[in-house]
Amino acid sequence: MKKRVLVAGGAGFIGSHLCEVLLENNCTVCCIDNLYTGRMENIRHLISNPDFEFINHDVIYPFEKEVDQIFNLASPASPVYYQIDPVRTWKTNTIGSMNMLELARKNKARIFQSSTSEVYGDPDIHPQPEEYRGNVNPIGLRACYDEGKRAAETLFFDYHRMYGIEIKVVRIFNTYGPRMFPEDGRVISNFIIEALRDRPLKVYGDGSQTRSFCFVDDMIRGFMKMMNSPATITGPINLGNPCELTIFQVAELIIDMCNSNSTIDFRELPEDDPRKRKPDITKAKTLLGWQPEVDFEKGLMKAINYFDNLLAGERKEKEPVENVLLINDPCLKNNLKINEFDTIQKNYI
Ligand SMILES: NC(=O)c1ccc[n+]([C@@H]2O[C@H](COP(=O)([O-])OP(=O)(O)OC[C@H]3O[C@@H](n4cnc5c(N)ncnc54)[C@H](O)[C@@H]3O)[C@@H](O)[C@H]2O)c1
């Protein structure tokens, strides 16, 4: 019998790749998503598959379904979006996680949580091992997400201790690749889009802050290894690429790879922007036998090709992209055209 897998947040960037891989692995997939930051385009190619089902559902409300495994990815992931309605972000990560845990309890299903490197805040230990408890500002603008994800981890471990649920918690570090939402303000997508348009790349601070980037295929391989690992492995386990680059290096590489005439425009650093971010992946290597395999330039090329195709219409028809891509936010009275977000957009990652 096929494994019945629920993916909460499956219409998003990482979730849509996960749904694909699960179907390839002979599972039936139920994707639930409220399309807050996810898009139907990401999963349209899966809709005709009889093993795939999409249900428009907000995890803030309880959900009933017979399932064997649950992946909980439901949460806006970029500051531009999670800061639009911080209370809702908090609810998604706490009440939403609890609803998914209740579903796991009823079904005796194994449940996976996509936590984040943001639980380490602005770290004073580098690289960050799982034992590091973090340096998060609980009242800052990013706290709705950072503390929401920390609270979700607490809930997962309490459900595990109280009800014996099999939990799998991973802390995801920056991930990139095709299907990233073009205007959600993440550094890789921002830089590629500006470079493809020959517009200046906005670098916040002096560009010496470092980040490490993991290609989405590597990340999904890590998810699958974690979900299928022995029950004793609960996590949290870091998943990410330890190869560290400065933001300035990333900007220069993208300009070069896009054959762009863009320049670099230095701006003021936003509040609570971490100076350094790099995973210690010793646990992932030893417990899961996982490490990233995709070379940064190769992964970047795939992402560049994706955005190049997306912008092709804009160039061909000389139609501004804001007429084509809308921010799909059921919370806002009207869908906003993407450029209306320019005022709050930052190179957040
Ligand atoms: N991409 C990264 O670099 C990264 C890093 C760390 C953690 N993560 C985590 O991985 C997960 C997926 O991230 P992503 O990059 O694919 O982001 P994404 O925004 O593309 O995907 C998140 C999905 O969750 C859905 N969602 C949000 N709130 C919901 C709600 N209340 N009910 C139902 N669905 C809801 C969105 O519509 C979207 O489809 C998130 O939990 C995120 O916090 C991602």
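Okay, let's start in a loop: Pro-127 sits in the one between β5 and α4. Before I go on, keep in mind that this is a predicted model. The reason I picked that proline is its backbone: going from His-126 into Pro-127, the peptide bond is cis, and omega comes out near -10°.

There's another cis bond to look at, from Gly-235 to Pro-236, with omega near 0°. Pro-236 is in a loop too, the one that links α6 and β11. And while we're on backbone oddities, have a look at Arg-179. Its phi is near 80°, so to speak on the positive side, and Arg-179 isn't a glycine. You'll find Arg-179 in the loop between β7, residues 175–176, and α5, residues 187–196.

Right, on to the sheet. What order do the strands come in? Reading across, you get β3-β2-β1-β4-β5-β6-β11, which makes an open sheet of 7 strands with parallel pairing. At the edges we have β3, 52–56, and β11, 237–239, and each of those pairs on one side only. Direction ignored, neighbouring strands in this sheet are turned by 20° against each other on average.

Let me zoom in on one pair. Strand β1 covers residues 4–8, strand β4 covers 69–72, and the two pair in the parallel sense over 4 bridges. If you want a spot to click on, Val-5 is opposite Gln-69 of β4.

Now put a helix over that. Helix α3, residues 86–107, lies across β1, β4 and β5, the last being 110–116, and α3 runs at about 170° to β4.

What does α3 pack against on the helix side? One partner is helix α4, residues 143–163: the angle is about 15° and the axes are 9 Å apart. That angle is under 35 degrees, so α3 and α4 count as roughly parallel to each other. The contact has a long cast list. From α3 it includes Trp-90, Met-98, Leu-101 and Arg-105, and from α4 it includes Lys-149, Leu-155, Phe-156 and Tyr-159. By class, the residues of that contact split into 12 nonpolar, 5 polar and 2 charged. As for handedness, α3 and α4 cross in the right-handed sense.

Next pair: α1 and helix α6, the latter being residues 216–227. Here the angle is about 60° and the axes are 10 Å apart. How are they oriented, then? α1 and α6 are oblique to each other, because of that angle. On the α1 side, the contact is made by Ile-14, His-17, Leu-18 and Val-21, and on the α6 side by Val-216, Met-219, Ile-220, Phe-223 and Met-224. That gives 8 nonpolar residues, 1 polar and no charged in the contact of α1 with α6. The crossing of α1 and α6 is right-handed.

Last helix pair: α5 with helix α7, residues 247–257. They pack at about 35°, with axes 9 Å apart, and α5 passes α7 in a right-handed crossing. Val-187, Phe-191, Ile-192 and Ala-195 of α5 come up against Ile-247, Val-250, Ala-251, Ile-254 and Ile-255 of α7. The class count for this contact is 9 nonpolar, no polar and no charged.

Finally, the bit you may have been waiting for, the ligand. How many residues surround it? There are 29 around the ligand, and the closest are Gly-9, Gly-12, Ile-14, Thr-37 and Gly-38. The elements giving two or more residues to that shell are α1, residues 13–24, along with α3 and β5. Which element has the largest share? That's α1, with 3 residues. Sorted by class, the shell around the ligand has 14 nonpolar, 13 polar and 2 charged residues.

One residue to take away from this is Ile-14: it's among the closest to the ligand, and it's also part of the contact that α1 makes with α6. Similarly, α3 lies across three of the strands, β1, β4 and β5, and gives residues to the ligand shell. That's what I had, so over to you.

Terms used. Residues are numbered from 1 along each chain as its sequence is written. This is a predicted model: local features need pLDDT of at least 70, side-chain atom pairs count only at pLDDT 80 or more; totals for chains, interfaces and linings use all residues. Two strands pair if DSSP finds at least two bridges between them. Axes are lines fitted to C-alpha atoms, for helices over the stretch in contact, and angles run from 0 to 180 degrees between N-to-C directions. Two residues are in contact if their C-beta atoms, placed from the backbone, lie within 7 Å. A residue is near a molecule or strand if its C-beta atom, placed from the backbone, lies within 6 Å of it. Ala, Val, Leu, Ile, Met, Phe, Trp, Tyr, Cys and Pro count as nonpolar, Asp, Glu, Lys and Arg as charged, and the others, Gly among them, as polar. Angles under 35 degrees count as roughly parallel, over 145 as roughly antiparallel, 65 to 115 as roughly perpendicular and the rest as oblique. A crossing is left-handed if the near helix is turned anticlockwise from the far one by less than a right angle, and right-handed if clockwise.
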